[in-house]
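Notebook open, model loaded. I want to go through strands, rings, cysteines and odd backbone angles, one entry at a time.

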Amino acid sequence: MNIDKYQQHSGNVIDVKDLVKEIVIDTPLIGGFARPYILGEYLILTDPQSEENQISIFDKKDFSYIAGTGHMGEGPNEITRLGEIILNEKRRRFYVADYGKMKTLEYELDSVLLNPNYLPIHKTEINRIATPVMFSFFNDTLCYACSMTAEPGKHFQESLVTWNMETGDMDLLITGHPKIERQRIRYAVSLEHNLIAVSYDHHDLLVTYDLQGNLKHNVYGPNWNDATSNAMIYYYGSIVICNNRIVVGYSGERNPEMGQIHVRNLLVYDLEGNYIKTLKIGYNILLFCYDAECNRLIMVLDDEIQFAYLDLEDLV
């Protein structure tokens, strides 16, 4: 099997800006650092800037507001520094990382919807030395996570681990590409396809593994190099696995002023890492998630519109 693939990202470019549909959310007001999640029939938006509810729940079909939770504060069931959400579809629950208290809280979705005064329960402690971020739920005990570690005098590193949410134990799964000095990654997991796809923020590289962490393909883009990561080059953004496709945000731009760079394109690969097409979104994309039931992407933008969706029918 040929592990290394070299792709040009230019063979099939489609402008889809006119297909991007705005999601208008007037209530509540959501800040610019929102993160989107899909849980069952609901869209969840987190807002770490909110002084009240930091988690808002909407009907994902018409985007009407339903409920809020995740109260900000120092209390035992309140959030001091909102992190990411872990989704438990089967049990209709979600877990919230609080990086102020270094613990996770467990929320029952139906209770949140029915009781405006609902309070979560403590789930587990978070390791301060190897801190898990970017979670993907696997079962009631385990999830995949990106672990951030730092040794004295060295750059902090990101690697993929399995994280036991009951005990807090971590097992290293993927260390990353051996030629990249500073690992800065995002990833997506598909249990159905036995696949993990990893994109590198500051290198033109996408890598695929099976669920046991065995390397499948290194997919090198046209600007690949192994130079030390820095903020002047930003390649990849959010990444999802949609049916039998990998979809990843892509910029590839160099910014000499060290400012923020947004992705405005989506690259589409098959599950073997072969490039298929580029979707030109035409807006600055911060984050996106995949709604499998509706076969669409929900996007958080930094542009003239804040939230939008893109139907993937006939596109991916």
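**Strands β13, β14 and β15**

I began with strand β13 (residues 142–149), which pairs with β14 in the antiparallel sense over 8 bridges. This is a predicted model, so everything I note here is computed from predicted coordinates. For a register mark I took Tyr144, which stands opposite Thr162 in β14.

Next I looked at the other neighbour of interest. β14 and strand β15 (residues 170–174) run antiparallel and are joined by 4 bridges. Here the register mark is Trp163, whose bridge partner in β15 is Met170. The hairpin of β14 and β15 has 5 residues between the strands, and Gly168 in this hairpin takes a positive phi near 85°.

Is β14 enclosed or open? I checked burial: 6 of the 8 residues of β14 (residues 157–164) are buried, so the strand is largely enclosed by the rest of the structure.

**The sheet β8 to β11**

I then turned to an open sheet of 4 strands, in the order β8-β9-β10-β11, with antiparallel pairing. Which strands are at the edges? They are β8 (82–88) and β11 (121–125), each of which pairs on one side only. From one strand to the next the twist averages 25°.

Inside this sheet I looked up the pairing of strand β9 (residues 93–98) with strand β10 (residues 103–108), and found 6 bridges in the antiparallel sense. Tyr95 stands opposite Glu106 in β10.

I stayed with β9 for one residue, Arg93, which lies in that strand. Buried or exposed, I asked of Arg93? At 17% relative accessibility it counts as buried, because the cut-off is under 20%. Leaving out residues up to four places away in sequence, I listed what Arg93 touches: Leu39, Ile86, Leu87, Asn88, Glu106, Tyr107, Glu108 and Leu109. I also took the C-alpha separation of Arg93 and Asp110, which is 8.2 Å for two residues 17 apart along the chain.

**Rings**

How many aromatic pairs does the structure hold? I got 12. I followed up the pair of Tyr6 and Tyr220: their ring centres are 5.0 Å apart and their planes are at 20°, so I logged the pair as stacked. This pair links distant parts of the chain, with Tyr6 in strand β1 (residues 4–6) and Tyr220 in strand β19 (residues 215–220), 214 residues apart.

The two partners do not have matching surroundings. Tyr6 counts as exposed at 58% relative accessibility, whereas Tyr220 counts as buried at 6%. Tyr220 also pairs with Trp224: these centres are 4.9 Å apart and the planes are at 55°, so the pair is tilted. Trp224 itself is partly exposed, with a relative accessible area of 23%. Put together, the ring pairs link Tyr6, Tyr220 and Trp224 into a cluster.

While on rings, I looked for charges sitting over them. The charged end of Lys17 sits over the ring of Tyr283, 4.9 Å from its centre. Arg184 lies over the face of Phe156, at 3.7 Å from the ring centre.

**Cysteines**

I ran the disulfide check and the count came to 0. Cys146 is in no disulfide, and its nearest cysteine sulfur, that of Cys143, is 12 Å away. Cys146 counts as buried, at 0% relative accessibility. I asked why Cys294 is not bonded to its closest cysteine. The closest cysteine sulfur is in Cys289, and 11 Å is too far for a bond. Cys294 is partly exposed, with a relative accessible area of 24%.

**Backbone oddities**

My reason for this last search is simple: most residues other than glycine have a negative phi, and most peptide bonds are trans.

A cis peptide bond turned up between Thr27 and Pro28, with omega about -10°. Pro28 is found in the loop between β3 (21–23) and β4 (35–39).

I then noted two positive phi values in residues other than glycine. Met134 has phi near 50°, lies in strand β12 (residues 130–137) and counts as buried at 17% relative accessibility. Asn243 has phi near 55° and lies in the loop between β20 (233–242) and β21 (245–254). At 46% relative accessibility, Asn243 counts as partly exposed.

Notes
Residues numbered from 1 in each chain as written. Predicted model: local features only at pLDDT ≥ 70, side-chain atom pairs only at ≥ 80, totals over all residues. Heavy atoms only, no water. Buried < 20%, exposed > 50% of the residue type's maximum accessible area, 1.4 Å probe, protein only. Pairing = 2+ DSSP bridges. Phe/Tyr/Trp six-rings, centres within 6.5 Å; stacked < 30°, edge-to-face > 60°. Lys NZ or Arg CZ within 6 Å of the ring centre and 35° of its normal. Axes fitted to C-alpha atoms, helices over the stretch in contact; angles between N-to-C directions. Disulfide = S-S within 2.5 Å. Contact = heavy atoms within 4.5 Å.
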